[in-house]
Amino acid sequence: RRLRPCWQNYGILTPMTLEECRRFYAEEIRLAGSVKSATLVEAFARVPRERFLGPGPWHFRSMDLALGDSAYLRSEDADPRHVYHNVPIALDTARDLNNGQPGTLARWIDELDVRPADRVYHLGCGVGYYTAILAEVVGPRGEVVASEVDEQLAARARKNLAGYPTVTVHQGDGAALDPGECDAMLINAGVTHPHPRWLERLRPGGRLLLPLTVPLAPNVGKGMMVKITREPAGLAARVATFVAIYSCSSVRDPQVEPLLGKAMASGALFQLKSVRRDVHEPCDSCLVHSDGMCLSSAALAAVPAAGT
């Protein structure tokens, strides 16, 4: 099956210009992701998605057909106007590797409340499209540190982001990288717990968004996106959205995994209010308790100061 141009899909008689397609796409993302930040919406309207995807025609992942025989739709030609839809686009069909659904990533970036001049860490940057979106939001006074474990994708990201002097791309396990102090972190790979270094590197008021997942299929997990914020009293936390995502190459603890799965299945994780790092015995407020890390339903006021 093939995907028709956007102006045909929406019954528009006069062909839309590329700029108009980008603007329409950004508005679609704003609505699909309930995006509040006008700066973020503008970034989606400015960044040329086609430059990050490789030459067309492109293959689009239909979310409705993902479990069927015809999961990919192919564009009719290499007209860049085709890529301005709120759907994942294949980077490597053989590996079922996609560029992500823009509305979902926009929702996550919006949750992070990324601001001009922020310093941001982006783990799992792929080919760099959403890293470019982050760079547009933080502006020339900000900085984005990106990492990608896949060597080929990291090389593409470096090339794609060469025009952004405020972006640095590292190849390798992003959990092994010290990103330095950050105002925001977007972890784009499934983990069982927040890496201690990520928590330590959050500046006051810093925000961390990460997917806590349990296995769904080989190298893929399902779970919840969790937002952690460094506040004066400690690490506040809450569930942001559901998620299905590729698993991180590390930051997966086989002992924590079943505890996390139980907390998700019972709905207990929705009570998440804080992350404790103090040594303590398991108690009623412990949702996922392990050595050195506890996801807790206790509000920060009830958490000992050593738990920050």
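Two strands count as paired if DSSP finds at least two bridges between them. In this predicted model, strands β11 and β12 (residues 234-246) clear that bar easily, with 12 bridges joining them in the antiparallel sense. One spot to look at is M224, which sits opposite F242 in β12. Getting from β11 to β12 takes a hairpin of two residues.

On its other side, β11 meets β10, again antiparallel, this time over 10 bridges. Here A217 has V220 of β11 as its bridge partner. This hairpin, too, has two residues between the strands, and N219 takes a positive phi near 70 degrees there. As for β11 itself, the strand is mostly covered, with nine of its 12 residues buried.

Zooming out, these strands belong to an open sheet of 10 strands, lined up as β8-β7-β6-β9-β10-β11-β12-β13-β15-β14, with mixed pairing. At the edges are β8 (167-171) and β14 (286-290), each of which pairs on one side only. Ignoring direction, neighbouring strands are turned by 20 degrees against each other on average. In general, strands of a sheet pair through backbone hydrogen bonds, either parallel or antiparallel. The parallel kind turns up between β6 (residues 119-123) and β7 (residues 143-148), which are joined by five bridges. Within that pair, H122 stands opposite A146 in β7.

Helices pack on this sheet as well. Helix α7 (residues 151-160) touches β7 and β8, and its direction makes about 165 degrees with that of β8. Helix α9 (residues 256-266) touches β10 (202-217), β11 (220-231) and β14, and its direction makes about 90 degrees with that of β10.

Next comes the inside of the protein. In soluble globular proteins, nonpolar side chains tend to be buried together. The largest nonpolar core in this model has 54 residues, and the members touching the most others are F44, W108, V114, Y129, I133 and L161. Helix α6 (residues 129-138) supplies the largest share of this core, namely eight residues. Not counting residues up to four places away in sequence, F44 touches R22, Y25, A26, I29, P102, A106, Y129, Y130 and I133. There is also a second, separate core of 37 residues, and C182, V191, V256 and M264 are among its members.

Why is α6 described as largely enclosed by the rest of the structure? Nine of its 10 residues are buried, so the helix is mostly wrapped up by what surrounds it. The buried ones are Y129, Y130, T131, A132, I133, L134, A135, V137 and V138. Just after α6, G139 takes a positive phi of about 75 degrees.

Note on methods:
Residues numbered from 1 in each chain as written. Predicted model: local features only at pLDDT ≥ 70, side-chain atom pairs only at ≥ 80, totals over all residues. Heavy atoms only, no water. Core = buried A, V, L, I, M, F, W, Y, C linked by side-chain atoms within 4.5 Å. Buried < 20%, exposed > 50% of the residue type's maximum accessible area, 1.4 Å probe, protein only. Helix = DSSP H or I, 4+ residues; strand = E, 2+ residues; numbered from the N terminus. Contact = heavy atoms within 4.5 Å. Axes fitted to C-alpha atoms, helices over the stretch in contact; angles between N-to-C directions.
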